[in-house]
Amino acid sequence: MSENLKKTAYELRDYTLDLIYGAKTGHMGGDFSEAEIMTALYFGVLNVDPKNPEDPGRDYFILSKGHSVEMYYAALTKRGFLDADDVMNRYSRFGSPYIGHPNNKLPGIEMNSGSLGHGLPVSVGIAKGLQMDGKPNRVYVLMGDGELAEGSVWEGAMAAAHYKLDNLTAIVDRNRLQISGPTETVMHHDDLAARFTAFGWRVIVTEGNDIDALLKAFAEAKTESNGVPTVIIAETTKGKGVSFMENKAGWHHKVPTAEEYAMAKKELAAKIAELSEEVTA
Ligand SMILES: Cc1ncc(C[n+]2csc(CCOP(=O)(O)OP(=O)(O)O)c2C)c(N)n1
Ligand SMILES: [Mg+2]
């Protein structure tokens, strides 16, 4: 793909920052950590068509960590599912369909999410249905690492292996922080790869803020696994892309002040300019 996806990820961050600053609500940290994952999915992996969002041949994507919906809106607008200005003007305003968690009445959004722990079980159901119908569509679900403390995730993991759902790829945004602090102290997952392996999954561990590494991981996830579902553990940085937001639990759900907004805009603009030069060089 000729488009500079590294730059796209930063443009999506810039749009997301404006969304959150404009509406004075949102989840900056988790949005920014998933920017490259969402970019890789929407511009390099998913077989989806904004002109025909309900195409029966489409791949399914579910954002199980539904609180980071602002980056989802950014990807869906850039990919042509939603109107960028309309989302910008109405996100989280009274009566708007662009609510603070995914709304499946919007084109391109398959499932209402936000209550953590449900995306994988629903994805298992979709993948099982496609398998029963002998369909080639693939199912992708993005979860947070804090989200993995939900028991329903592991029921889903068990069922995916039991039903041999090799059409299912789960991605974990492994930023090591959740709402109130490090996953290490809230509910640790230090043996995460071994846990998924024990549940009967193929595990791919990759850099999660690196587009090339992600595209390679997604390509590998598509290779034949003889009935074994695949999880990509994407090692990310929460708040990635704005220096003072990186690795700070407080930025999970914080709105920047005018000064912080200006600093963040400046940092993102510098990065976008740097990546633009990389393309033309
Ligand atoms: C069932 C449920 N319990 C609690 C919450 C409140 N909550 C919202 S986000 C969040 C932390 C999620 O952390 P993580 O999954 O690591 O997401 P990320 O770091 O990518 O933002 C929590 C506990 C919720 N949305 N759903
Ligand atoms: Mg997390």
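## Where ligand 1 makes polar contacts

An oxygen atom of ligand 1 sits 2.7 Å from a polar backbone atom of Gly-146. Keep in mind as you look around that this is a predicted model. Two further backbone contacts are worth finding: a nitrogen atom of ligand 1 lies 2.8 Å from a polar backbone atom of Gly-114, and an oxygen atom of ligand 1 is 2.9 Å from a backbone N or O atom of Leu-177. On its own, ligand 1 would expose 600 Å², and the protein buries 78% of that area.

## The pocket and its residues

Which pocket does ligand 1 take up? Its space is the largest pocket. Around ligand 1 there are 18 residues, and those that come nearest are His-67, Gly-114, Asp-145, Gly-146 and Lys-238.

Try sorting this shell by chemical character: nine of its residues are polar, six are charged and three are nonpolar.

## The magnesium ion

Now turn to the magnesium ion, ligand 2. Which protein atoms serve as its donors? They are OD of Asp-145, OD1 of Asn-175 and O of Leu-177, at 2.1 to 2.2 Å from the ion. Along the chain, these donors follow the spacing D-x29-N-x1-L.

Where do two of these donors sit in the fold? Asp-145 belongs to the loop between strand 2 (139–144) and helix 7 (151–162), while Leu-177 belongs to the loop between strand 3 (168–174) and helix 8 (183–186), so the pair ties together parts that are 32 residues apart in sequence.

Leu-177 is worth a second look: a backbone N or O atom of Leu-177 lies 2.9 Å from an oxygen atom of ligand 1, and its O is a donor of the magnesium ion.

Terms used: Residues are numbered from 1 along each chain as its sequence is written. Chains are lettered from A and ligands numbered from 1 in the order in which they are written. This is a predicted model: local features need pLDDT of at least 70, side-chain atom pairs count only at pLDDT 80 or more; totals for chains, interfaces and linings use all residues. Side-chain values use heavy atoms; hydrogens and water are left out. A residue is near a molecule or strand if one of its heavy atoms lies within 4 Å of it. A polar contact is a pair of N or O atoms within 3.5 Å; within protein, one must be able to donate a hydrogen and the other to accept it, and residues adjacent in sequence count only if both atoms are side-chain atoms. Accessible areas come from the Shrake-Rupley method with a 1.4 Å probe; for residues, only the protein chains shown count as cover. On a 1 Å grid over the protein atoms alone, a cavity is a set of points where a 1.4 Å probe fits but cannot get out, and a pocket is an open set with protein on both sides within 12 Å along at least five of seven lines; lining residues have an atom within 4 Å of a point. A molecule sits in a cavity or pocket if more than half of its atoms lie within 2 Å of its grid points. Ala, Val, Leu, Ile, Met, Phe, Trp, Tyr, Cys and Pro count as nonpolar, Asp, Glu, Lys and Arg as charged, and the others, Gly among them, as polar. Donors are N, O and S atoms within 2.8 Å of the metal (3.2 Å for Na, K and Ca); water is not among the atoms, so sites may look incomplete. Helices (H or I, at least four residues) and strands (E, at least two) are DSSP runs, numbered from the N terminus.
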